[in-house]
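Open the model in your viewer and set the display to cartoon. The stops below go from element to element, with side chains shown where two helices meet.

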Amino acid sequence: MAKQKALFIGGTGTISSAIVRELSQKDDWEVWLLNRGNKKERVPANVHQIVCDISNEDDAKQKLSGMEFDVVNEFIGFVPEQVERDYRLFKGKTKQYIYISSASAYNKPAASYVITEGTTLANPHWEYSRNKIACEEFLMKKYREENFPVTIVRPSHTYDERNVPLGVHGKKGFYQVIKRMIDKKPVIIQGDGTSLWHLTFNEDFATGYIGLMMNRHAIGEAFQITGDEVLSWNQIYQTIADALGVELKAYHVASEYLSAVGDKLGFDYEGSLTGDKSVSVVFDNSKLKRIVPQMQTRIPFNKGVRIALDYVLSHPECQVEDPEFDEWCDKVIKALEDSKKNF
């Protein structure tokens with residue numbers, strides 16, 4: 001039997017690296033990556049690599065000349081122009097084109113906290129999400145009019161061993177919050193911390209995603225892929241503190257306030273919080289499980305966060321400090337405490 005050929009545009013990120021790693025171990029798949037070649041240490045030995053900046057369409061077209069794939073997987077398409085380019089490059093050259101969109105594209109707040117693939121797409125708070133919606137609309141138009149074989153995938157909050165998922169952090173990522181916990185300093189949690197959220201370890205995500213590849217039932221359809229575990233943000237932060245063996249000193253701040261003062265950091269808290277993480281969501285994954293019955297949560301957060309913290313705390317390159325964010329947190333907390341005293 002001939003091997004099926006999969007091309008990943010990107011392929012070394014948080015989500016895609018787990019899929020590439022698992023797929024590369026399967027005898028019936030031949031895996032190719034198209035990227036700039038900056039993270040070769042994350043590429044399995046038996047994976048083929050096309051070193052190319054796909055934004056240079058002429059160069060990409062030349063390097064892809066004569067090649068066809070069973071599945072093309074787009075992980076770094078953020079604006080319509082990028083998926084329009086992909087359409088030109090891969091029309092007639094793939095049996096399936098899987099586009100990674102985002103669960104943040106769902107309307108916030110939705111009419112129901114239970115989210116399905118039929119939930120309205122609209123996000124007035126976050127340009128990132130609106131661009132994802134526009135990408136989906138272009139691709140589905142090509143499916144309806146030309147039978148372009150698209151599948152849409154909407155992840156929510158997916159993490160791996162190099163990342164600890166949080167609600168509030170700075171431009172340099174999660175580590176400064178972990179350091180604040182270790183240093184016994186208060187950490188900011190959006191709202192009152194009771195809104196509900198899904199976290200998905202990337203290896204669990206890979207199971208659902210691979211089940212959609214070359215699956216005829218997936219063509220022309222959208223699927224959300226998340227873990228089944230539902231936690232409040234208070235529970236998420238407490239689980240992190242428990243794994244660190246420290247006391248959680250939670251400081252709850254309204255998302256609207258964080259959005260207003262976050263401009264001093266140059267961080268879009270309106271998008272990331274009001275447009276996403278501050279809203280309670282419970283994802284209904286029944287559509288995915290009907291055609292990928294093996295999808296389930298094998299790595300719950302209490303296990304996944306220990307995997308991540310073990311890795312991060314033993315790899316200094318992951319411990320990226322953010323003194324600007326640290327100072328900002330202290331100022332926000334002091335300002336709110338002073339306002340209570342002066343009320």
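## Stop 1: a helix across three strands

Select H7 together with E8, E10 and E12: the helix lies across these three strands and runs at about 85° to E12. The model is a predicted one.

Now hide the helix and look at the strands by themselves. They form an open sheet in the order E8-E10-E12, with mixed pairing. Its edge strands are E8, residues 157–159, and E12, residues 230–232, each of which pairs on one side only. Direction ignored, neighbouring strands of this sheet are turned by 45° against each other on average.

Zoom in on E8 and E10, the latter covering residues 196–201; the two run parallel and are joined by three bridges. Which residue in E10 stands opposite histidine 157? Label leucine 199 to see that partner.

## Stop 2: H7 against H11

Bring H7 back as residues 233–244 and add H11, residues 301–314. Their axes are 10 Å apart, and the helices pack at an angle of about 50°. An angle between 35 and 65 degrees counts as oblique, and H7 and H11 are therefore oblique to each other. Their crossing is right-handed.

Show side chains for the contact. On H7, pick Ile236, Thr239, Ile240, Asp242, Ala243 and Leu244; on H11, pick Phe301, Asn302, Val305, Arg306, Leu309 and Leu313. Coloured by class, the residues of this contact of H7 with H11 come out as eight nonpolar, two polar and two charged.

## Stop 3: the seven-stranded sheet

Next, select the strands of the other sheet on this tour. How many strands does it have, and in what order do they lie? There are seven, arranged as E3-E2-E1-E4-E5-E7-E11 in an open sheet with parallel pairing. E3 (48–51) and E11 (222–225) are the edge strands, each pairing on one side only. From one strand to the next, the twist averages 20°.

Within this sheet, centre on E1, residues 4–9, and E2, residues 29–35, which pair in the parallel sense over six bridges. Isoleucine 9 has leucine 34 in E2 as its bridge partner. Follow the chain from E1 to E2: the path goes through H1, residues 16–23, and this β-α-β crossover is right-handed.

Then turn to the pairing of E1 with E4, residues 69–74: these strands run parallel and are joined by four bridges. Here phenylalanine 8 has asparagine 73 of E4 as its bridge partner.

## Stop 4: H1 against H6

Keep H1 and add H6, residues 202–212. The two axes come within 8 Å and cross at roughly 65°. The crossing of H1 and H6 is right-handed. H1 contributes Ser17, Ala18, Ile19, Arg21, Glu22 and Leu23 to the contact, and H6 contributes Asn202, Glu203, Phe205, Ala206, Thr207, Tyr209 and Ile210. By class, the contact of H1 with H6 has seven nonpolar, three polar and three charged residues.

## Stop 5: H3 and H4 on the sheet

Select H3, residues 80–90, with E1, E4 and E5 (94–100). The helix lies across these strands and runs at about 170° to E5. Add H4, residues 127–146, which packs on the sheet and touches E5 and E7 (150–155). The direction of H4 makes about 160° with that of E7.

Finally, leave H3 and H4 alone on screen. Are they roughly parallel or roughly antiparallel to each other? Their axes are 8 Å apart and the packing angle is about 30°. That makes H3 roughly parallel to H4, because angles under 35 degrees count as such. H3 passes H4 in a right-handed crossing.

For the side chains, show Pro80, Val83, Glu84 and Tyr87 in H3, which meet Asn131, Ala134, Cys135, Phe138, Leu139, Lys142 and Glu146 in H4. The contact of H3 with H4 divides into seven nonpolar residues, one polar and three charged.

Conventions: Residues numbered from 1 in each chain as written. Predicted model: local features only at pLDDT ≥ 70, side-chain atom pairs only at ≥ 80, totals over all residues. Heavy atoms only, no water. Axes fitted to C-alpha atoms, helices over the stretch in contact; angles between N-to-C directions. Parallel < 35°, antiparallel > 145°, perpendicular 65-115°, else oblique. Left-handed = near helix turned anticlockwise from the far one by under 90°. Contact = heavy atoms within 4.5 Å. Nonpolar A, V, L, I, M, F, W, Y, C, P; charged D, E, K, R; others polar. Pairing = 2+ DSSP bridges. Right-handed = clockwise from strand over helix to strand, strands pointing away.
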